[in-house]
Every structure is written in structure tokens, then in C-alpha cells.
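Let's walk through this one together, starting with its charged side chains and working outward to the overall shape. Keep the structure open as you read.

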Amino acid sequence: MGMSLRIHWAIAPEIAPRPLINCNHCGDVKAYRCSGKFRVNANGKRIDVWLIYRCVDCDNSWNFGIFERRNRRDIEPALLQALESNDAALARRHAFDSVALRNQAGRVEEFPDVAVHKQVIGVTRESATALELQLGLEMPTSLRLDRLLANELGISRSRLQALEEKRSLVIDPDGVKALRKPARAGTTIRIDLAGEPDHQAIIRAAGG
């Protein structure tokens with residue numbers, strides 16, 4: 001493999017998962033969106049906390065449980081303050097917890113939309129004939145790795161497969177099977193572009 005351009009891709013999903021709930025106002029199963037608001041209910045020393053969701057059609061509410069009958073002393077004061085003030089970052093973290101959401105709602109609609117911030121950490125583009133992409137994820141995403149690479153590099157998924165077949169594309173730690181799975185943090189993709197006529201365009205796209 002030739003001189004590699006090392007780039008860190010910080011990936012952030014843009015649309016939070018939406019639980020599919022039987023809405024008693026609409027009389028049908030509807031997607032519910034996160035309102036970004038918490039409901040904190042104190043009963044003596046016990047606290048219940050929910051993240052409020054709203055039906056996308058009628059605005060009916062559904063509560064996503066965060067804490068149930070939790071002793072106030074077991075909650076850090078800073079966390080309690082963040083819940084009571086509807087801290088946006090905290091609401092976002094819970095809204096993107098698709099595992100917990102699915103455990104409570106059953107069915108969840110997920111979206112592949114992501115924003116990718118690219119930071120070059122290696123040699124200059126002019127001298128590079130290969131890429132080393134290091135993935136970091138703010139939150140888990142349902143976007144498949146092959147779709148992410150195709151979107152961000154401007155090449156087709158079939159071409160990615162062809163590069164893999166001739167061992168010009170290597171994925172660590174999961175190998176080629178990772179291409180058809182959701183992108184995940186800690187993955188490194190190495191792509192040898194030597195001999196590819198459009199390698200400079202691909203390298204420019206990789207670095208943003």
C-alpha cells in the first residue's frame with residue numbers, strides 16, 4: 001500500500017429513532033417523535049423520570065421511562081438539574097438509545113441520516129495514494145458501512161466490493177462482513193487507490 005492519508009470521521013446521527021406506538025387518539029399505530037422534554041415526578045424521596053414523546057400526527061404524548069421509583073439520594077445533583085432543566089444533550093443521548101427505546105416500545109423506526117465531520121491527521125492529499133479512515137460515532141447508527149463509504153467517497157457499493165475482492169480494501173477489526181453491517185466506532189478502513197484513475201478525487205472527498 002502506498003502513502004496513506006489518515007482521516008478521522010466523527011459520525012453523528014441526525015434523526016433520532018421513533019417508537020411506533022398504538023395511538024389512542026388516531027386509532028392506529030403511529031410514529032412518535034422525541035419532544036426533548038423530560039417529566040420529573042417526585043413522590044416523597046422517590047423520583048420518576050420520563051422523556052416525553054409526541055405522535056407525529058396528533059401530538060398525543062407517550063412517556064419513555066428513564067428512572068422509576070429512584071431514590072433522590074441516588075441521583076447526582078448535576079444529573080437531576082439537567083433533567084429538570086430539559087438539558088438538550090441529555091435528551092439527545094436518551095433519544096438515540098434505540099436499545100432501551102425498543103425494550104419499552106417494541107417496534108422502533110430508525111433513520112440512516114448522519115453528519116460526518118472529517119479531520120485529516122496524516123500526510124497531505126497530494127502525496128497520498130491510499131486512505132486510512134478511522135471512525136468515531138457520537139451515537140450508534142443504523143447506516144450500513146458500505147452506504148457510508150459510498151456516500152462520502154462518491155463511489156458505488158459495487159466498486160467497494162471490487163476493491164475488497166482484490167484486497168485493496170481492508171476493514172479492521174471485522175473484515176469484509178462489516179461492509180454490510182451498521183458503521184461502528186473504532187473501525188478502521190484501509191483503501192489502496194494506487195492505479196485508480198480517479199484516486200485524487202476520492203481522496204479529496206474522503207478529507208472533506
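Count the salt bridges in this predicted model and you arrive at 14. The general idea is familiar: side chains of opposite charge can pair when their charged atoms come close. A few of these pairs are worth a look one by one.

Start with aspartate 59 and arginine 33, whose side chains form a salt bridge with an N to O distance of 3.0 Å. This pair ties together distant parts of the chain, 26 residues apart: aspartate 59 sits in the loop between strand 4 (46-55) and strand 5 (61-71), while arginine 33 belongs to strand 3 (residues 28-43). How buried or exposed are the two partners? Aspartate 59 has a relative accessible area of 37%, so it counts as partly exposed, given that this class runs between 20% and 50%. Arginine 33 is also partly exposed, at 33% relative accessibility.

Next, find arginine 69 and aspartate 48, which make a salt bridge at 3.9 Å, N to O. Here too distant parts of the chain are linked, with arginine 69 in strand 5 and aspartate 48 in strand 4, 21 residues apart. Because its relative accessible area is 9%, and buried means under 20%, aspartate 48 is buried. Arginine 69, on the other hand, is partly exposed with a relative accessible area of 40%.

Now move along to glutamate 152 and lysine 118, a salt bridge with 2.9 Å from N to O. This one connects a helix to a strand: glutamate 152 lies in helix 4 (residues 145-153), lysine 118 in strand 7 (residues 114-120), and 34 residues separate them in the sequence. Lysine 118 has 17% relative accessibility, so it counts as buried.

Not every salt bridge stands by itself. Arg159, Lys166, Glu196 and Asp198 are joined in a network of them. As for charge across the protein chain, there are 31 positive and 26 negative side chains, and the centres of these two sets lie 4 Å apart.

Time to leave the charges and pick out a small residue, alanine 105. You'll find alanine 105 in helix 3 (residues 98-105). Which residues does it touch, leaving aside those up to four places away in sequence? They are Pro19, Leu20, Ile21 and Trp62. Its relative accessibility is 18%, so alanine 105 counts as buried. Alanine 105 also gives you a handy ruler: alanine 205 is 100 residues further along in sequence, and the C-alpha to C-alpha distance between the two is 39 Å.

Finally, zoom out. The protein chain holds six helices and ten strands. Its C-alpha atoms fill a box of roughly 70 × 40 × 25 Å along the principal axes. The radius of gyration is 22 Å, whereas a compact globule of 208 residues would have one near 17 Å. Looking at contacts with a separation of 6 or more, 68% come from residues 24 or more positions apart. Of the 208 residues, 40% count as buried. The protein chain exposes about 11200 Å², with carbon and sulfur atoms supplying 44% of that area.

Methods:
Residues are numbered from 1 along each chain as its sequence is written. This is a predicted model: local features need pLDDT of at least 70, side-chain atom pairs count only at pLDDT 80 or more; totals for chains, interfaces and linings use all residues. Side-chain values use heavy atoms; hydrogens and water are left out. Helices (H or I, at least four residues) and strands (E, at least two) are DSSP runs, numbered from the N terminus. Buried means under 20% relative accessible area, exposed over 50%, partly exposed in between (1.4 Å probe, protein chains only). Contact means heavy atoms within 4.5 Å. The radius of gyration is taken over C-alpha atoms; the globule rule is 2.2 Å times the number of residues to the power 0.38. Accessible areas come from the Shrake-Rupley method with a 1.4 Å probe; for residues, only the protein chains shown count as cover. Lys and Arg count as positive and Asp and Glu as negative; His and the chain ends are not counted. The place of a charge is taken as NZ of Lys, CZ of Arg, CG of Asp or CD of Glu. A salt bridge is a side-chain nitrogen of Lys or Arg within 4 Å of a carboxyl oxygen of Asp or Glu.
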